[in-house]
Amino acid sequence: MKNLLGVMQGRLLPKFNGRYQAHPVGYWQDEFPVAQSLGLDCIEFILDYNDFEKNPLTSEFGIKEIKKIVDETGVKVVSICADFFMEAPLHSNDSAVVENSQKVLSMLLKYGNEIGVNDIVIPCVDQSSLRSESDKKSFYENLIPLVKEAEELSINLSLETDLGPKDFLQVIRMFNSNAVTVNYDIGNSASLGYDPTEEFGAYGNYITDIHIKDRKFNAGSVELGTGNADFNKVLSLIQKLKYEGPFIMQAYRDDEGLEIFKRQLSWVRNFFRLEGGT
């Protein structure tokens, strides 16, 4: 089976409001024909906290618009990176925030199902890290009501965390559900100094969405192949898994976006041999 190769939304366009990663409000449609011209299979949509109501993922009209452009270009939306939950974590101490975030996730599951989404990535990193046992407990209690919805729709709630391999596995196992899976970010793991062999040994079988990124240890994004990510090791581990999910390029970008992306796309195609699938 061919792995889909895609891009994190906005990487092929000039930055939105100067932000490194954001849903490009008002011109998101422009990215689809660009992705099509580059031979990409999909775009991982972003749901931000800011300008939430302007995102097409939040209305029937918007969903129709996404469907139309997917039909026109053949570029799919099979995953959503819900950065919304970094600002409004499901383990927040504020019950009103939690209640609203649960409603947002329920809406994402419903609308995501309409456009063929397989994975909704829930970031638990930076300000939304699961720092304590009580964070993990709250996160479990507040996410578990949505897990049944996800199971019924066959959509993965793909967790992205900065936890070490054993702790991450413990969180995944708490849910005892095939719908709670792992988003593996190659660059973030390298930046945190984790060993891919340990990570894949712990939770490899739960990985359903992979972000291709490179970072220096304890530092930010760099061009693919120039940081501390051990791509050779990661690729061999992925191949052993017989991973069938998408590869989403979340690689380093500059203000312009497209030329640096094209350079890194060539690197990825050469390294991962993704022209005809892995």
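What share of the contacts in the protein with a separation of 6 or more comes from residues 24 or more positions apart? In this predicted model, such residues account for 73% of those contacts. The protein has ten helices and ten strands, and buried residues make up 56% of its 278 residues.

**Overall form**

- The radius of gyration of the protein is 17 Å, which agrees with the value near 19 Å that a compact globule of 278 residues would have.
- Along its principal axes, the C-alpha trace spans about 45 × 45 × 35 Å.

**Surface and charge**

- About 12000 Å² of the protein is exposed, and carbon and sulfur atoms supply 47% of this area.
- The protein carries 28 positive and 41 negative charges, and the mean positions of these two sets are 3 Å apart.

**Helix H9**

- Helix H9 covers residues 231-241, and its buried residues include Phe231, Val234, Leu235, Leu237 and Ile238.
- These residues lie on the same side of H9, because they cover an arc of only 165° around the axis.
- An α-helix has 3.6 residues a turn, so residues three or four places apart point the same way.
- Asn232 and Lys240 are exposed on the other side of H9.
- Lys242, just after H9, takes a positive phi of about 55°.

**Ser189 in helix H7**

- Helix H7 runs over residues 186-192 and contains Ser189.
- Ser189 counts as buried because its relative accessibility is 9%, and the cut-off for a buried residue is under 20%.
- When neighbours within four places in sequence are left aside, Ser189 is in contact with Tyr184, Tyr194 and Glu199.

**Glu99 in helix H4**

- Glu99 belongs to helix H4, which comprises residues 95-115.
- Is Glu99 buried or partly exposed? With a relative accessibility of 45%, Glu99 counts as partly exposed, since this class lies between the limits of under 20% for buried and over 50% for exposed.
- Glu99 and Asn142 are 43 residues apart along the chain, and their C-alpha atoms are separated by 8.5 Å.

Methods
Residues numbered from 1 in each chain as written. Predicted model: local features only at pLDDT ≥ 70, side-chain atom pairs only at ≥ 80, totals over all residues. Heavy atoms only, no water. Helix = DSSP H or I, 4+ residues; strand = E, 2+ residues; numbered from the N terminus. Rg over C-alpha atoms; globule rule 2.2 N^0.38 Å. Buried < 20%, exposed > 50% of the residue type's maximum accessible area, 1.4 Å probe, protein only. Contact = heavy atoms within 4.5 Å. Areas by Shrake-Rupley, 256 points an atom, 1.4 Å probe, with all protein chains shown as cover. Lys, Arg positive; Asp, Glu negative; His and termini not counted. Charge placed at Lys NZ, Arg CZ, Asp CG, Glu CD. Arc of directions from axis to C-beta.
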